[in-house]
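Visitor: I'm new to this one, and I'd like a close look at a single part of it. Could you take me to the aromatic rings and then show me what else is worth a stop along the way?

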Amino acid sequence: MSGFGQASSYSSNRLRSRFAGALTACRTALTSLPRAALDIALPTLCVSCREPVAGEGVCAMCWSKLSFIAPPFCARLGIPFVYDPGPGLLSMQAIADPPAYQRARAAVRYDDVARTMVHALKYQDRTDLAPTMGRWMARAGQELLAGADALIPVPLHWRRGWSRRYNQSGALAGVIGQSAGLPVIGDVLRRVRPTLQQVGLSRADRALNVQGAFKVPLEKKSAVQGRRIVLIDDVLTSGATANACAHALLRARAASVDVLVFARVVDTL
């Protein structure tokens, strides 16, 4: 090929390359336009007060209203103490009615802002809250996660899962597992019968409502046997659901079961 032909071919290839690059850039810009327009038209709002917020879902004012749980607290149940009674001391509740699970920890008290966050994640498709809530849980549960082999989210019954489309406990477990470097085994614990909503039930009725509701299928027991499990849920109220899950896992020969939740109900004394 002559020098003129080579130069012409090189120029043609160069033009095609530039055209392709420009076309790709245009496509990227056009693809991002709807998202940008949506961000401008519908900015992220604080889940609690509905003021615009950048990214996290909770504004600084509402974040300051959250009551994060920190020591001193009951070594077994994670219930905060009003004063420091010394290391390893148990609450009267843990002594009088010890649960099947070994320890429970929560990131925050179940107050107004925490309740709004939980309801938004659970019922309003606010899955964007899961990363923030999961990070707070991972920090609160460092002691549990350091000695764990796997995470198991509290399962939904398949009917409720179908209507809700996702399991909020599974979403939180995914974030925590990634942060702690732990596997999430979400198919080993099953809710084998539908249960009533626990809201509004007495402590005794809550326990009766979930009795026998959870099971580890025979073919899944090998995934649990001998392993230290951390059970993940959004809220701990009476502990009935967590206790029923722990019983099922321990019957499947789990070495131990701890519980990590986003929020827990703390009785005001």
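Guide: Let's start at Trp 63, which is partly exposed, with a relative accessible area of 44%. Keep in mind that this is a predicted model. Trp 63 has a ring partner in Phe 68: the two make a tilted aromatic pair, 5.7 Å centre to centre, with 50 degrees between the planes. Phe 68 is partly exposed too, at 33% relative accessibility.

Now follow Phe 68 to another ring, that of Trp 136. Here the centres are 5.1 Å apart and the planes stand at 80 degrees, so this pair is edge-to-face, since planes over 60 degrees apart get that name. The partners come from distant parts of the chain, 68 residues apart: Phe 68 sits in the loop between α2 (60-65) and α3 (92-96), while Trp 136 belongs to helix α5 (residues 130-140). What about cover? Trp 136 has 11% relative accessibility, and it counts as buried because that is under 20%. Put the pieces together and you get a cluster in which ring pairs link Trp 63, Phe 68, Trp 136 and Phe 262. The count of aromatic pairs comes to three.

From rings, let's move on to charges. Side chains of opposite charge can pair when their charged atoms come close. A search of the whole structure turns up eight salt bridges. One of them joins Glu 143 and Arg 105, at 3.4 Å from N to O. This bridge also links distant parts of the chain, with Glu 143 in helix α6 (residues 142-146) and Arg 105 in strand β1 (residues 104-109), 38 residues apart. The two ends have their own settings: Glu 143 is partly exposed at 47%, whereas Arg 105 is buried at 6%.

Next comes Arg 228, whose side chain meets that of Asp 149 in a salt bridge of 3.0 Å, N to O. Arg 228 lies in strand β5 (residues 228-236) and Asp 149 in the loop between α6 and β2 (150-153), which puts them 79 residues apart. Arg 228 has a relative accessible area of 38% and is partly exposed; Asp 149, at 25%, counts as partly exposed as well. Asp 149 also has Val 184 to look at: their C-alpha atoms are 9.5 Å apart in space, with their positions 35 residues apart in sequence. You'll find Val 184 in the loop between α8 (168-180) and β3 (190-191).

In that loop between α8 and β3 there is also Asp 187, and its partner Lys 220 is in the loop between β4 and β5, so their pairing ties together parts 33 residues apart in sequence. The closest N and O atoms of this salt bridge are 2.9 Å apart. Lys 220 is partly exposed at 21%, and so is Asp 187 at 40%. Some bridges share partners, too: Arg 103, Arg 105, Glu 143 and Asp 258 are joined that way into one network.

Let's finish on the surface. Lys 215, Lys 221, Arg 251 and Arg 253 gather there in a patch of positive charge. Lys 215 is placed in strand β4 (residues 214-215) and is partly exposed, at 49%. There is a nonpolar surface patch as well, about 320 Å², made by Leu 90, Met 92 and Ile 95. Met 92 is in helix α3, and at 66% relative accessibility it counts as exposed.

Methods:
Residues are numbered from 1 along each chain as its sequence is written. This is a predicted model: local features need pLDDT of at least 70, side-chain atom pairs count only at pLDDT 80 or more; totals for chains, interfaces and linings use all residues. Side-chain values use heavy atoms; hydrogens and water are left out. Patches are made of residues with over 30% relative accessible area and no salt bridge: like charges are joined within 9 Å, nonpolar side chains (Val, Leu, Ile, Met, Phe, Trp, Tyr) within 5 Å. Accessible areas come from the Shrake-Rupley method with a 1.4 Å probe; for residues, only the protein chains shown count as cover. A salt bridge is a side-chain nitrogen of Lys or Arg within 4 Å of a carboxyl oxygen of Asp or Glu. Lys and Arg count as positive and Asp and Glu as negative; His and the chain ends are not counted. The place of a charge is taken as NZ of Lys, CZ of Arg, CG of Asp or CD of Glu. Helices (H or I, at least four residues) and strands (E, at least two) are DSSP runs, numbered from the N terminus. Buried means under 20% relative accessible area, exposed over 50%, partly exposed in between (1.4 Å probe, protein chains only). Rings of Phe, Tyr and Trp (its six-membered ring) pair if their centres lie within 6.5 Å; planes under 30 degrees apart count as stacked, over 60 as edge-to-face and the rest as tilted.
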